[in-house]
Amino acid sequence: MVDNFEIYKVELNLPNLIVTPQGSTLHFLYSNVQTESNNLLRLFQSPEIKNVIIDLSKVDYLDSIIINSIIRLLQHARQTGGQAVFCNTCDNMQNILQSIKLGTLWPLLDSQEEAVHYISMNS
């Protein structure tokens, strides 16, 4: 079981961690965003979790604070030999990810199912 998160919906589908941001920082207290982001990174450091899937289905915009939190997860996956992907991105989020080069560093897939399949084929 995963701790109760407010800013991110978190699912474990071992060895994958599926993270779904629920909105931008403007919708939450900054201190809660920081605390929850740190808790999320600690959770991802569990040895049984290897990959991260960032599901962007609930957002059409993310600010730099949430994006930086996501980048920490993506980098941790890369540094530990895991996979990291985005999925369920709307056109606006795809444009944002492409403009800040995240969309070129990590794959953008259409669905969670496709993301899980991609990771299983590339692990």
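## Strand S4 and its partners

In this predicted model, Phe 86 of strand S4 has Leu 108 in S5 as its bridge partner. The two strands run parallel and are joined by 2 bridges, with S5 made up of residues 108-109. To strand S3, residues 51-55, S4 is also paired in the parallel sense, here over 4 bridges, and within that pairing Ile 53 stands opposite Val 85 of S4. Between S3 and S4 the chain passes through helix H2, residues 64-79, in a β-α-β crossover that is right-handed.

S4 is covered on both of its faces, with Ala 84 and Phe 86 buried on one side and Val 85 and Cys 87 buried on the other. This arrangement can be read against a general pattern, since in a regular strand the side chains alternate between the two faces of the sheet.

## The sheet as a whole

The strands form an open sheet of 5 in the order S1-S2-S3-S4-S5, and the pairing within this sheet is mixed. S1 and S5 stand at the edges and each has a single partner strand, so that one side of each is left without a neighbour in the sheet. Further along the order, S2 and S3 pair in the parallel sense over 4 bridges, and Asn 16 stands opposite Asn 51 in S3.

## Helices packed on the sheet

Helix H1, which covers residues 30-44, packs on the sheet and touches S1, S2 and S3, its direction making about 5° with that of S1. Helix H2 likewise packs on the sheet, where S1, S2, S3 and S4 are the strands that it touches, and its direction makes about 150° with that of S3.

## The turn from S1 to S2 and a salt bridge

Which residue follows Leu 14 across a cis peptide bond? The residue is Pro 15, and the omega of the bond from Leu 14 to Pro 15 is near 10°. Pro 15 is found in the loop between strand S1, residues 8-13, and strand S2, residues 16-21.

The structure holds 1 salt bridge, formed by Lys 9 with Glu 11, whose closest N and O atoms are 3.5 Å apart. As to how far these two residues are open to the surroundings, Lys 9 is partly exposed, with a relative accessible area of 43%, and Glu 11 also counts as partly exposed, at 28% relative accessibility.

## Loops after S4 and S5

Asn 88 is found in the loop that leads from strand S4, residues 84-87, to helix H3, residues 91-99. Although Asn 88 is not a glycine, its phi is positive, at about 55°. With a relative accessibility of 24%, Asn 88 counts as partly exposed, whereas Cys 87 in S4 is buried.

Where is Ser 111 found, and which residues is it in contact with once neighbours within four places in sequence are left aside? Ser 111 is found in the loop between S5 and helix H5, residues 112-122, and, with those neighbours left aside, it is in contact with Cys 87 and Asn 88. The side chain of Ser 111 also makes a polar contact, at 3.4 Å, with the side chain of Glu 113.

Technical notes:
Residues numbered from 1 in each chain as written. Predicted model: local features only at pLDDT ≥ 70, side-chain atom pairs only at ≥ 80, totals over all residues. Heavy atoms only, no water. Buried < 20%, exposed > 50% of the residue type's maximum accessible area, 1.4 Å probe, protein only. Salt bridge = Lys/Arg side-chain N within 4 Å of Asp/Glu carboxyl O. Pairing = 2+ DSSP bridges. Right-handed = clockwise from strand over helix to strand, strands pointing away. Contact = heavy atoms within 4.5 Å. Axes fitted to C-alpha atoms, helices over the stretch in contact; angles between N-to-C directions. Polar contact = N/O pair within 3.5 Å; in protein donor to acceptor, adjacent residues only side chain to side chain.
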